[in-house]
Every structure is written in structure tokens, then in C-alpha cells.
Amino acid sequence: MADKRDYYEVLGLQKGASEEEIKKAFRKLAMKYHPDRNPGDKSAEEKFKEVNEAYSVLSDPDKKSKYDRFGFAGVDPNAGYSGGGGFSGFGGGTGGFSGFGGFEDIFDMFTGGGGFSGFSGFGSSRSKTGPQKGRDLQRSVTIEFTEAAFGVKKSIPVNKLVRCKTCNGDGAKPGTTKRKCAKCGGTGTITSVQQTALGSFQSTRACPDCQGKGMIIDTPCPDCKGTGSVRKTIKINIDIPAGVDTGSVIPIKGQGEPGTNGGPNGDLYIVIEVKPHNLFQREGSDLFLEMPISFNQAALGDEITVPTLEDKVSYKVPAGTQPDTVFRLKGKGVKDLRTGRKGDLYVKVTLEIPTKLNAQQRKAIEEMAAKLDPNCYQKKTSFGQKVKDLFGI
């Protein structure tokens with residue numbers, strides 16, 4: 001496992017990170033490296049797999065506990081240990097095994113209690129005879145800005161394994177049956193005993209004849225070739241709630257790949273990506289809009305029409321409004337997913353200066369400027385005074 005990066009490092013976390021921190025880091029990185037966003041990028045694909053592997057361990061309390069105690073060996077059923085040495089001081093832990101509680105913990109490792117391998121290649125592997133949940137899936141969906149704000153129903157295609165209808169997931173050709181594996185007696189595992197300098201140790205591994213399933217199919221289903229599932233693209237209808245944003249994850253229970261031996265289906269996780277809007281920007285549940293106004297509107301005041309996501313509203317711009325003034329329209333933002341309350345719309349007015357003036361227009365502005373008291377421009381007057389003070393003029 002020397003080529004693997006620490007799972008916490010993969011997610012950019014410190015050891016001991018909370019469940020919420022792990023989930024948040026996963027969502028962010030899964031979005032960044034998802035194949036749908038990086039088509040043909042092998043590096044991103046590998047990083048996406050690495051992130052998923054790290055999350056699958058750290059999001060599972062049992063696996064996380066084992067990983068925190070034993071490292072990669074705690075979660076890799078194929079990890080092997082040399083029986084010849086490297087185990088000095090079980091209580092204090094030299095030779096690379098510091099941190100174990102005592103001999104009992106070491107013994108659990110070699111007897112399969114923690115899902116580890118035994119000595120000299122005796123792999124400890126769980127039997128596949130019990131019910132196993134199907135694989136979880138993840139799918140990215142891109143929606144419009146307004147769809148994220150108000151919610152939307154979508155029908156999305158998902159390519160996945162589904163239960164074979166021909167054999168109903170059994171794997172055997174209709175009219176035939178499976179038979180119990182003679183080698184393992186239907187348990188799916190083979191037990192071996194190893195004599196070492198430390199005594200006798202027992203380890204288990206998956207039965208090579210039935211691959212740990214406990215049953216053998218002599219006549220496999222012609223459609224699924226004995227796997228019990230076939231790959232298809234199906235349409236799944238989803239309700240995307242109002243208030244989602246880029247990075248939001250919508251879980252759909254049971255829409256992952258089928259389980260085995262009566263196990264439940266996996267789940268489908270929809271990762272949302274929102275397209276930008278040509279007018280509005282969003283931060284949380286608040287919206288932001290830049291709106292240009294003319295010199296005369298700013299100087300004299302005016303009633304302007306402000307667009308929102310839902311309608312148009314009138315707003316009275318007071319006389320003497322300065323550039324970059326921001327006013328708030330309460331409740332004109334986006335619904336908050338957690339509270340259900342709407343955010344606000346913040347409008348920043350920007351002053352637009354006319355261009356391409358004709359002679360008559362230029363003369364009108366010059367006449368107006370000549371009639372204005374210089375003290376009308378308070379900021380300009382204040383700045384000029386500061387310049388005088390700076391140079392002592």
C-alpha cells in the first residue's frame with residue numbers, strides 16, 4: 001500500500017475530522033474531479049476514484065475506526081503480513097505496530113476478526129454468501145439558475161447495472177438451479193491453520209471454486225452470464241427542491257445498483273451544478289445585481305424598474321445617489337434549503353457616463369457645469385483640500 005495516499009490527505013482533512021467535514025470535503029472534490037466535468041481527463045478520473053475510495057472508508061464509522069487504528073491494513077482485505085519478523089514488543093509497539101492495545105488486537109488481525117489477511121499469503125476475505133448492498137452511484141446534473149431557485153422536476157438517464165429480468169437476479173438459467181459448493185460446503189470460505197513461531201494461527205480466505213459465493217452455477221443465465229444483473233440506461237425522475245446550489249447532493253434511496261443474495265439496492269446521489277445567470281449573482285440565499293443609471297437619474301432622483309427572479313419592482317432612487325450605492329430588496333432572493341426563508345436582493349447602482357456626444361449635447365453639459373456650485377461635488381472638494389494639505393499649497 002506504499003503507493004497510496006493517506007485517506008485524510010486525499011480529502012484535505014486532519015485525522016479526527018467530523019462526519020460533516022468528511023461529507024463536505026467529499027462533495028467538493030467529487031464535483032471537481034467528476035468524469036462528467038473532465039471528459040477524457042485520465043488524471044481527473046484517477047483522482048475521482050481516489051476521492052471515492054477515501055470517502056467510502058471515512059464515511060463508514062466501522063471502517064474509519066479500523067483505518068484510524070491500523071491504517072490501510074485495517075480496510076484492505078488483501079493486505080498481507082510477513083510471518084517472519086517485524087513484531088517486537090506487542091504492548092509497546094516497535095517494528096511498525098505501535099498503537100495496538102495488546103496481543104489480542106494483533107491476534108484479531110490474523111484470525112480475520114478485523115478483516116485482515118493472515119500470514120504468508122493466507123488472505124482473509126469475507127464470504128459473499130450473506131446479503132450485500134449494491135454499489136452506490138453518483139451522477140452530475142446541470143440545471144438553469146432559475147431552476148435552482150424555484151425547484152424543478154427532471155428525468156435523467158443513468159447507465160447502471162439492473163437486476164436481470166430473465167433469471168430475476170438468480171444468475172442461473174431459468175429451469176435450472178444452483179448447487180452448493182462442495183469445496184467450502186456453501187460457506188464461501190476456506191479455513192487454514194498456520195504454524196508459526198508465535199503459535200498456531202487460523203485464517204480464512206474466499207473459496208477459489210465459488211469465489212466466496214457458496215454456490216456454483218453450472219448453467220448460467222444466457223442474458224446476464226450468471227452475474228444476476230445486466231447493464232442498461234434507464235430514466236429516473238427526480239424532484240430538485242428550490243434553493244439548491246452548485247455542490248448540493250440529492251440522495252435517491254434504492255436507485256443504485258442491485259444488491260446480491262437478497263441485499264438492498266445501492267443509492268443514487270445526484271450532484272447539482274448550476275449554470276450562471278446573465279444578470280444575477282448568488283451567495284447563499286442572497287442575490288446581487290448591478291444596475292446602471294444615468295447622471296440625471298442619480299443627480300435628480302428617479303423611479304426605476306428593478307428586475308427580480310420573479311417579477312419587476314419599482315424603486316425610488318433618491319436625488320444625489322452616488323455611484324456604487326447598494327440598496328436592498330427584502331425577500332427577493334432565493335429560498336434557503338434549511339430554513340425555507342428567502343434571502344434578499346442587493347442592487348448596486350453604477351453610474352453610466354454618456355459617450356459620442358454631438359456639439360449641442362456637449363454645449364448643454366458645459367452650460368450646466370458652469371452653473372453648478374463647485375461645492376456640489378463634496379467628495380471632489382474634499383479630495384482637492386487633502387491634496388493642498390499634502391503639498392502645503
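This report describes two sheets, a pair of packed helices and a pocket in the structure shown above.

The model is a predicted one, and the description below moves from the sheets to the helices and then to the pocket.

**The four-stranded sheet**

One open sheet is built from four strands in the order 10-11-15-14, and its pairing is mixed. Strand 10 (281-283) and strand 14 (326-329) form the edges, where each of them pairs on one side only. From one strand to the next, the twist averages 30 degrees.

Strand 15 (residues 345-352) pairs with strand 14 in the antiparallel sense, over four bridges, while strand 11 (residues 286-294) pairs with strand 15 in the parallel sense, over eight bridges. Particular residues help to locate these pairings in the model. Opposite R328 stands Y346 of strand 15, and opposite F327 stands V347 of strand 15. V347 in strand 15 also has L289 standing opposite.

**The three-stranded sheet**

A further open sheet holds three strands in the order 1-9-8, again with mixed pairing. Strand 1 (137-143) and strand 8 (249-252) are the edge strands, and because each has a single partner strand, one side of each is left without a neighbour in the sheet. Here the twist averages 25 degrees from one strand to the next. Strand 1 and strand 9 (residues 268-274) run in the parallel sense where they pair, over seven bridges, and I143 has V274 in strand 9 as its bridge partner. Helix 2 (residues 19-33) lies across strand 1, strand 8 and strand 9, and its direction makes an angle of about 70 degrees with strand 9.

The strand pairings described above are set side by side in this table.

| Strand pair | Sense | Bridges |
|---|---|---|
| Strand 14 and strand 15 | antiparallel | four bridges |
| Strand 11 and strand 15 | parallel | eight bridges |
| Strand 1 and strand 9 | parallel | seven bridges |

**Helix 3 and helix 4**

Two packed helices are described by the angle between their axes and the distance between the axes. Helix 3 (residues 42-58) packs with helix 4 (residues 61-70) at an angle of about 100 degrees, and their axes are 6 Å apart. Since angles of 65 to 115 degrees count as roughly perpendicular, helix 3 and helix 4 are therefore roughly perpendicular to each other. On the side of helix 3, the contact involves S56, V57 and L58, which meet K63, K64 and Y67 in helix 4. Sorted by class, this contact of helix 3 with helix 4 has three nonpolar, one polar and two charged residues.

**The second largest pocket**

Rolling a probe the size of a water molecule over the atoms shows where empty space is left. The second largest pocket has a volume of about 740 Å³. It is lined by 29 residues, of which G169, K213, T227, T260 and N261 are the closest to its centre. Strand 2 (152-163) and strand 6 (215-216) are the elements that give two or more residues to the lining of this second largest pocket. What classes of residue make up the lining of the second largest pocket? The lining has six nonpolar, 14 polar and nine charged residues.

How values were computed
Residues numbered from 1 in each chain as written. Predicted model: local features only at pLDDT ≥ 70, side-chain atom pairs only at ≥ 80, totals over all residues. Heavy atoms only, no water. Pairing = 2+ DSSP bridges. Axes fitted to C-alpha atoms, helices over the stretch in contact; angles between N-to-C directions. 1 Å grid on protein atoms, 1.4 Å probe; cavity = no way out; pocket = protein on both sides within 12 Å on 5 of 7 lines; lining within 4 Å. Points joined across faces, edges and corners; volume = space filled by probe spheres on them. Nonpolar A, V, L, I, M, F, W, Y, C, P; charged D, E, K, R; others polar. Parallel < 35°, antiparallel > 145°, perpendicular 65-115°, else oblique. Contact = heavy atoms within 4.5 Å.
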